[in-house]
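Welcome to this short briefing. Please have a look at the sequence and the structure below, and then read on at your own pace.

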Amino acid sequence: MPQSNPDCIRAPLSALQWLVEAGADEAVGDEPVNRFNHASVRSGPELLEAGASPLPLRPSAARPKNLPAQPVTPAASDGDQIGRAMEIAAACGTLAELKAALEAFEGCPLKKHATRTVFADGVPDRRILFIGEAPGREEDIAGLPFVGRAGKLLDRMLASIGLDRKSNVYITNILNWRPPSNRDPTPEEAAVCLPFLRRHIELAAPRIIVLLGAIASRHVMGRSEGIMRLRGSWLEYFVCGRMVPVMPTLHPAYLLRRPLEKRLAWRDLQAISVKIQALALLEQSAESG
Ligand code: URA
C-alpha cells in the first residue's frame with residue numbers, strides 16, 4: 001500500500017471512524033488483524049455505499065452477553081510468571097510499593113489489553129476489605145475498582161450499614177487488569193495476580209474480608225461451590241497467623257441483573273454489620289482491660 005496515496009490512508013481512517021460512530025469501543029482480539037490485506041475486503045467507503053459493515057466487528061451495545069473466553073498467550077510460561085509474581089509481591093513492604101510493583105509487572109497478558117492497572121480504592125488501615133472480580137470498562141478508564149453501575153450499587157449497599165469507601169472500607173479485585181469483553185478470568189490469569197492479592201491482604205491487614213461473588217470466593221478461599229451455597233456463612237482466612245472472618249456474598253453486578261436477590265445480600269450485610277460491632281466491642285474491652 002503506497003504511503004503517498006492519500007486515498008490509501010483515508011480508507012482505513014474512515015472505516016475506523018465508522019466503527020467508533022457505531023459504538024465499538026474496544027479491540028476484542030489479542031493481535032491486530034489487517035483486514036485490508038484480504039483481497040475480498042473492499043474499503044470502508046465502498047462498503048458503506050453498498051450498505052454493509054466494513055469490518056466484522058459489532059458495536060458494543062449489540063455485543064451478545066457471555067462471549068466465549070478468548071485466552072491470551074503469555075510470553076513466558078505461566079509457572080515462570082507466577083513464581084516471578086510471588087517474588088516481587090513478597091519483596092513489597094508497603095501498599096505503595098505493591099502498587100508500583102504491579103504497575104511495572106508485565107507478566108499478566110491481560111495488561112496489554114488494559115488501559116490502566118486497577119489497584120484499590122478506599123481506606124486500607126486494618127478495616128473491612130471488599131474483594132471483587134475484575135475491573136470493567138469504567139474501572140479500566142478510571143484506574144479504580146467499582147466505579148461503574150455495579151460500583152454505585154456497592155456504594156449504596158455499604159451506606160445501608162454505615163460504611164463508605166472514604167471512611168472505613170477498602171476495595172480491590174482478584175484481577176488488576178480488565179479482561180477483554182469482561183469475560184471470566186482464566187485460571188492462569190487469576191493465578192498470576194493472586195500472589196499480589198495475597199500480599200495486598202497481608203499489607204492491608206483487614207479485620208473482616210467480604211468476597212463479592214463466586215469468582216472472588218473461588219480464588220481467595222479455593223472453594224468451588226456456587227455463591228448461593230457459600231454466601232451468608234462466615235469462613236476463615238489466615239493473615240500472618242491471625243484469623244480473619246470472611247463473608248462471601250452476592251456480587252452487585254449479579255444483583256443488578258437479579259434485583260429480587262437483594263434480600264439475600266441484605267441478610268449478609270446485616271451479618272457483616274453485627275460482626276463489625278462485635279469486633280469493635282472486643283477491641284474496646286482489650287484496650288480498657
Ligand atoms: N466488578 C468487579 O468485580 N470489580 C470492579 O471493579 C467492577 C465491577
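The notes below go through the ligand site, some side-chain contacts, the backbone and a few long-range pairs.

Please keep in mind that this is a predicted model. A good place to begin is the ligand, since the protein buries 92% of the 230 Å² that the ligand exposes when taken alone. After that come three threonines with polar side-chain contacts, to Asp268, to Trp177 and to Asp140.

**The ligand and its surroundings**

- Eight names are worth finding in your viewer: the ligand is surrounded by Gly132, Glu133, Ala134, Glu139, Pro145, Phe146, Asn173 and His251.
- This shell is a mixture, with three nonpolar residues, three polar ones and two charged ones.
- His251 brings a polar side-chain atom to 2.7 Å from an oxygen atom of the ligand.
- Asn173 also uses its side chain, with a polar atom 2.8 Å from a nitrogen atom of the ligand.
- Phe146 takes part through its backbone, where a polar atom is 2.9 Å from an oxygen atom of the ligand.
- As for cover, the ligand on its own would expose 230 Å², and 92% of that is buried by the protein.

**Three threonines and their partners**

- Thr249 belongs to strand S6, which covers residues 242-249.
- Thr249 counts as buried because its relative accessibility is 4%, under the 20% cut-off for that class.
- The side chain of Thr249 makes a polar contact of 2.6 Å with the side chain of Asp268.
- Thr117 sits in the loop that runs between helix H4 (95-104) and strand S1 (121-122).
- With a relative accessible area of 14%, Thr117 is buried, and its side chain is joined to that of Trp177 by a polar contact of 2.9 Å.
- Thr115 is also in the loop between H4 and S1, yet Thr115 is exposed, with a relative accessible area of 57%.
- Thr115 and Asp140 are joined through their side chains by a polar contact of 2.5 Å.
- Trp177 comes up again here: 62 residues separate Thr115 from Trp177 in sequence, while their C-alpha atoms are 8.2 Å apart in space.

**Aromatic rings**

- Searching the whole structure for aromatic pairs turns up one.
- Trp234 has a charge over its ring: the charged end of Lys275 sits there, 4.8 Å from the ring centre.

**Backbone: two positive phi values outside glycine**

- Ala205 has a phi near 45 degrees, which is positive although the residue is not a glycine.
- The place of Ala205 is the loop between helix H7 (187-204) and strand S4 (208-212).
- Is Ala205 buried or exposed? Ala205 is buried, because its relative accessible area is 15% and the class takes values under 20%.
- Cys240 is another residue other than glycine with a positive phi, here about 50 degrees.
- Cys240 lies in the loop between strand S5 (235-239) and S6, and Cys240 is exposed, with a relative accessible area of 66%.

**Pairs far apart in sequence**

- Val192 is a residue of helix H7 and counts as buried at 3% relative accessibility.
- Val192 and Gly83 are 109 residues apart along the chain, and 8.4 Å separates their C-alpha atoms.
- Leu95 is in helix H4, and at 18% relative accessibility Leu95 counts as buried.
- How many residues separate Leu95 and Leu203 in sequence? The two are 108 residues apart in sequence, with a C-alpha to C-alpha distance of 6.3 Å.
- Asp121 is part of strand S1 and is partly exposed, with a relative accessible area of 22%.
- Between Asp121 and Lys166, 45 residues apart along the chain, the C-alpha separation is 8.6 Å.

Definitions and conventions
Residues are numbered from 1 along each chain as its sequence is written. This is a predicted model: local features need pLDDT of at least 70, side-chain atom pairs count only at pLDDT 80 or more; totals for chains, interfaces and linings use all residues. Side-chain values use heavy atoms; hydrogens and water are left out. Rings of Phe, Tyr and Trp (its six-membered ring) pair if their centres lie within 6.5 Å; planes under 30 degrees apart count as stacked, over 60 as edge-to-face and the rest as tilted. A charge sits over a ring if NZ of Lys or CZ of Arg is within 6 Å of the ring centre and within 35 degrees of the ring normal. A residue is near a molecule or strand if one of its heavy atoms lies within 4 Å of it. A polar contact is a pair of N or O atoms within 3.5 Å; within protein, one must be able to donate a hydrogen and the other to accept it, and residues adjacent in sequence count only if both atoms are side-chain atoms. Accessible areas come from the Shrake-Rupley method with a 1.4 Å probe; for residues, only the protein chains shown count as cover. Ala, Val, Leu, Ile, Met, Phe, Trp, Tyr, Cys and Pro count as nonpolar, Asp, Glu, Lys and Arg as charged, and the others, Gly among them, as polar. Helices (H or I, at least four residues) and strands (E, at least two) are DSSP runs, numbered from the N terminus. Buried means under 20% relative accessible area, exposed over 50%, partly exposed in between (1.4 Å probe, protein chains only).
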